[in-house]
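Colleague: Please take me slowly through a single part of this model, explaining each term as you meet it.

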Amino acid sequence: MASVTLSGIRKVFPNGFAAIRGLDLEIGDGEFIVLVGPSGCGKSTLLRLIAGLETVTDGAVLIGERDVTDLSPSERDIAMVFQSYALYPHMDVQENLAFGLRRRRTPREVIGERVGGIAGALGLGELMARRPGMLSGGQRQRVAIGRAMVRQPVVYLMDEPLSNLDAKLRVSMRAELARLHDRLGVTTVYVTHDQTEAMTLGDRVCVMLDGEIQQVDAPGRLYREPANAFVAGFIGSPAMNLAIAEVADGDLRLGDHRLPLTEAQRARVGARSQVIAGLRPADFALRAADVAADDGTSTAVRLPVEAEVVEHLGAEQLIVFPVDAPRYHAGPVAARTEDEETLLAEPARSRFTARLDVRREVRHGERVELFYDPARLYLFDAGDGRSLAREPAEAAG
Amino acid sequence: MAAAARPVRARSRRSPGDRPFGLSLLLWGGIVFFTILSAFPYLVMLSTALKSPQELAGPAHWIPDTIDLSGLQRTLADPSIWGYFRNSFTIAIGNTILVMVAGVPAAYVLARHEFRGRRLFLDLVLITQMFSPVVLLIPLFRLYKETGLLGSMEGVIIAGSAFTLPFSIWLLTGFFRSIPVEIEEAARIDGYGRLGILFRMILPLSVPGLVATAMYAFIIGWNEFIFAVTFLIASPENQPVSVGVFASIGKWDIDWQRLMFMALLGTVPVLALFATIQRQLDRGFATISSGR
Amino acid sequence: MTAPGRTAQASAPAVGVGRSSDRPTVPGSVTLGRSPRRRRRIETAYLYLLPAALLLGFVFLYPTLQSIWLAFQKNKGINDPGTFNGVDNFVKLWNDPLFWKITGQTFLWTIGVVGITTVLAYLLAIVLVQRFRGRAIFRTIVILPAATSLAFSAVVWGFAFQPENLVNHTLAGFGPAKGGIAWLANVPQAWVALIFVGVCVSVPLTGVMLAAAMRSVPRDLYEAASIDGASRVAQTVRITLPLTRTMLLITTLANFVVCFNSFPIIFVMTGGGPVNRTDILATWLYQKGFQLLDFGMASTLAVVVLCALLALSLAYVHLLIHRTKVG
C-alpha cells in the first residue's frame, strides 16, 4: 500500500491538446479518491498518467516513495479496472485472473492459491472455465475486479468501472466496491462522471474541469462549501440553481425578486455590481418555519413564484419556476452537461428548481410562495466564479 | 434497377417475393446478366475442355455432343504440368510468408502507435499503388541479373510480394484496429511488452483477419503472371501455371483441350479460397467507406 | 481548502493537496519532454516497420531511381553499359507521333473501361444488397473473376473471341450480328473486345466494394425517408448515392490507375496489334524494353508514365487520406 503523489503534472498530446494543465495532488495511503468532472475534463487522462499508459509531458508521479514517472505500467505495482473491463476474450476466467501473475514468474502454487481465493471471495467459482463472451455484464465486472485484486497491487485505478452496468446492478456493485475498499484498505483512484458515485464512494472527491483541479475535498464539504460556481453546479442533484444577480442597495436583484443579503454576505460582496447567486433546490420550502435558521440570526426570505413544471416523485416534488435573470453556465460550452441544454432555452432567463416535501401538492401553473434561509444563499464572483464565502459553514451553521 | 438500392436486413419479416413485379423482373434480369458475365470464361473453359479435338475443329457450339476427357488425360500425363503447379504453389506460399512477415508487424505499429514518420510511411505505401509492375520491369530485370535472382522463383516472390504488401497492410491494420485498445493496456499493466502483446493478444484475437490476409496473398501469388513471364522466360523449369498456359498459346498447334484443363485446374483451388475469405474482405471494404 | 481556477504549475503546493501539506522532493529532473523510455519505444516502432520498408525499398525505391537514371541514357539492353545522352530520349518521345497516338489509346481504353465498369458495378452492388433466393451462390459466382488470374481470363476470352468461336456463335443466336467478325484482328472491333473483357474483370470487385459501402448506410435513414414519403428511386438518389459517394470516388480512381497500368489483357489478347493500334503505354513500354531491347527509351517512357500517374496519385492520396481518413 502506498500514497500517490502527483506534482506539477502536465500532459500535452502530440496533436497539441493540453489535457492536463499543471496539477498537484496528493493521495493518502489507503485513501479512496474519486476524480470527477464532465467529459473531456482530463480525469481519465490523469488516471492513465498514474497508470503509466500515458507519459507525462512535465511533472512527476510518485507511488509511495518511488518516482515512477519513467516506469512502465507493469513496474508501477498498480492494477487497473477498465470501463470496458478489457477482459482477454480468448482466455477463460481462470486464465484471465492468472495472466498477470504468470508474467511475474509467480510460483504455480501461489497463483493457484491466489486465484482460487479471489474467485471464492467474488463468487466466480463456477465461471472459471468460461470465456468473457459467455458472461453477463455483472460477471465480467467481477472478473475485471478480481483480475486487479489478484495482483495485490499497492494502488487500484478504476476507470468508470460501473458505467456499463444497468442502473440496479450499478447501485449494488457500488456498495460492494465500498465494502471491498473497507476490507482491503488499498489506495484507490476512481474515475467517474457520475457525481452520485463520486459522493457515495470517495473519501475525498477531486472535481476537475479543463485539465485543472477545481476542488478536492470530502464529499460533504464539497457539497456545503463549493470553491466555485462550477463545483457548486456540478455537485448535487438536482443541480444548484445559478443565475447572475445585480447588486442593488446592498441586496441582490434577481429579475423581479429581491434577495436580501446578510451582513456577512454584504461584506463579501463588497463593491461588486454583479454576482452569481446560487440556491440549492433542497434549500427551498413551502413554509417559512421549515427554513428558519437554527440560531435565529436570519429570517426566511419569501419568494413568490409560478410553478411552470411540477414533477411528483412520490416522497417529494420538484417544481421548476422561471426567473428573469441570465443563466449562469459553469465552464466552457463543451463541458455543459446535457440537462443544461434544455429545449426552448432562453439565454436571458433562468429556470430554478425547488425540491419540496409533499405535505402540500403543488399543481402545474399554480402560484406559490417559497421560502429559503438567506444564509444558505451561495455567492460567487461573476467574473471568475470563485466562491465569495471563505467560511460559509459558519454562516450557514 | 436503381429503385431497389436499399439493403435488406438479413432476417426481415418480409418475404423475398414481397417486391413489386416490375422490380422483381429488373432484379432477376440483373442477376442473370451478371451471372452470365462472370461465369462466361468458366463456361468457355468447361465447354472447350470437354469437347473432343474433332468437335473443336468443327463449328462453334456450347454444349459438347460427347463428353471427351482425353484432354484431362493428356494434361495429367504431361510431367511438365506438375512442375507448373508445384511452382505456382511455391510462389504462392512464398508470397504469403513474405507478405505476412513484413506486413503483420508493420500493420500492428501503424494500427496502434503514433510516431514520427507514420504519416509519411502511409503516404509512400499509398503511392506504391500508382506503380504498375511494367514500369519497374527493366530496373528490376537489371537488378536481378546482378544479384542472381533472375530466373529464380525467389525473384518473382520478392517482386510480387512487394506489390501484394500495401493492400495486405491495409487489411491487417483494419483487423488490428478492431481489437479494443483497453485489452492491450490491460496486458501492459500485466507486464507484457509490445512483442508479448502482439503474440499473446493481437495475433490470437485476429486469427480470422490473419487467415484472410494470408489467403489473399496466396491468391495473388498463385495468379502471378507479369513478373513470372518476364523473369522466368529462360527458366521454364521455374514457371508457374499462368505462364505455362500463356506459353502454350504461342505454339503452332494449340491443344485447347489441355490448355483449358490447365486453366481450370489453375483456377478452381483459388476460387474456393476466395469464396472463403469473401466475408473478411467485405468487412475490410466496409471500413473504407465508413472512413476509419 | 482549495483555490479554484488555474493551478500554479511548479510553485504553490496549495491546490488539491489534501492530507499532508509538505510536498515530497522529486528526485531527478522530470521536465524532459521525452523520457529515454519513450524514445526507446519509438525506435522499436521503426524496427517493426523495417521488414516492410526493406521489401518496398528493394522493389520500389531502388528500381525507381534506376529507371530515372536509365531514362537519361542511350541503353540497348542488358549488356549495354549505357551512355548518358541528356534529355534526348524525352525529346525523341515528344516528337514521336506513335507516342501521342498510344497515349490517346491509353485514355480511350482507361476511360472506356472505368466508365462502363463504374455504371455496371453500381448496378451489381444494388443487386448484391437485395435479398433473394440463391443470393449466396450469386455472390460467389459474381466474385469469381476477381480471383482469377488475368492471364487465364485473357487467354480464355482471347480464345472465345476468335472469329469461328463462341462469342460469335452466341451473338449469332441473337440474330442480326451474323458470325464471322474478326474481333481481335481489326481495330474498332479489337477495342470493343478488349474493353469488354476489361470491364468483365473489373466489375466484380468494384461491385462488391460498392455493396459494402451500401450496406454500411444506416438502415434507419431509409426508414426515415420512407416515412417522409420518398419513393425507392428517390431513396437511391437522395440517400444511397450521396452516402456511397466516397467509395464511388475511391473505386473509380483505383480502377483508373489499375487500367492505366493494365498489362495482361492486351498483352495476351492482341499483343498491341495490329501494328500498335491496340497498344497502351504499358504494353508499348514492355515491347520497347523486352522485344526491341531499348532499355533507355523504355525507361524514359516508364518515367513519363509514372509522372503522369503521380499527378493522379496525389489526387488519389488526397481523397483516401483527407476525405476518408483511411489509415
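Modeller: What follows is a close look at chain A, beginning with a pair of helices and ending with two unusual spots in its loops.

The model is predicted, so local features need pLDDT of at least 70 and side-chain atom pairs count only at pLDDT 80 or more, while totals for chains, interfaces and linings use all residues. Residues are numbered from 1 along each chain as its sequence is written, chains are lettered from A and ligands numbered from 1 in the order in which they are written, and side-chain values use heavy atoms, leaving out hydrogens and water.

Start with helix α3 of chain A, which covers residues 108–122, and helix α4 of chain A, which covers residues 137–150; helices (H or I, at least four residues) and strands (E, at least two) are DSSP runs, numbered from the N terminus. The axes of α3(A) and α4(A) come within 10 Å and cross at roughly 140°, where axes are lines fitted to C-alpha atoms, for helices over the stretch in contact, and angles run from 0 to 180 degrees between N-to-C directions. Because of that angle, α3(A) and α4(A) are oblique to each other (under 35 degrees is roughly parallel, over 145 roughly antiparallel, 65 to 115 roughly perpendicular, and the rest oblique). The crossing of α3(A) past α4(A) is right-handed, a word used when the near helix is turned clockwise from the far one by less than a right angle, with anticlockwise giving left-handed.

To find where these helices touch (contact means heavy atoms within 4.5 Å), look on α3(A) for Arg114(A), Val115(A), Ile118(A) and Leu122(A), and on α4(A) for Arg142(A), Ile145(A), Gly146(A), Met149(A) and Val150(A). Sorted by class, the residues where α3(A) meets α4(A) are 6 nonpolar, 1 polar and 2 charged (Ala, Val, Leu, Ile, Met, Phe, Trp, Tyr, Cys and Pro count as nonpolar, Asp, Glu, Lys and Arg as charged, and the others, Gly among them, as polar).

Now turn to the loops. Most residues other than glycine have a negative phi, and most peptide bonds are trans. Tyr85(A), however, has a positive phi of about 70° although it is not a glycine, and you will find Tyr85(A) in the loop that runs between β6 (78–81) and α2 (93–103) of chain A. Further along, Ser237(A) and Pro238(A) are joined by a cis peptide bond, with omega about -5°, and Pro238(A) has its place in the loop between α8 (229–234) and β11 (241–248) of chain A.
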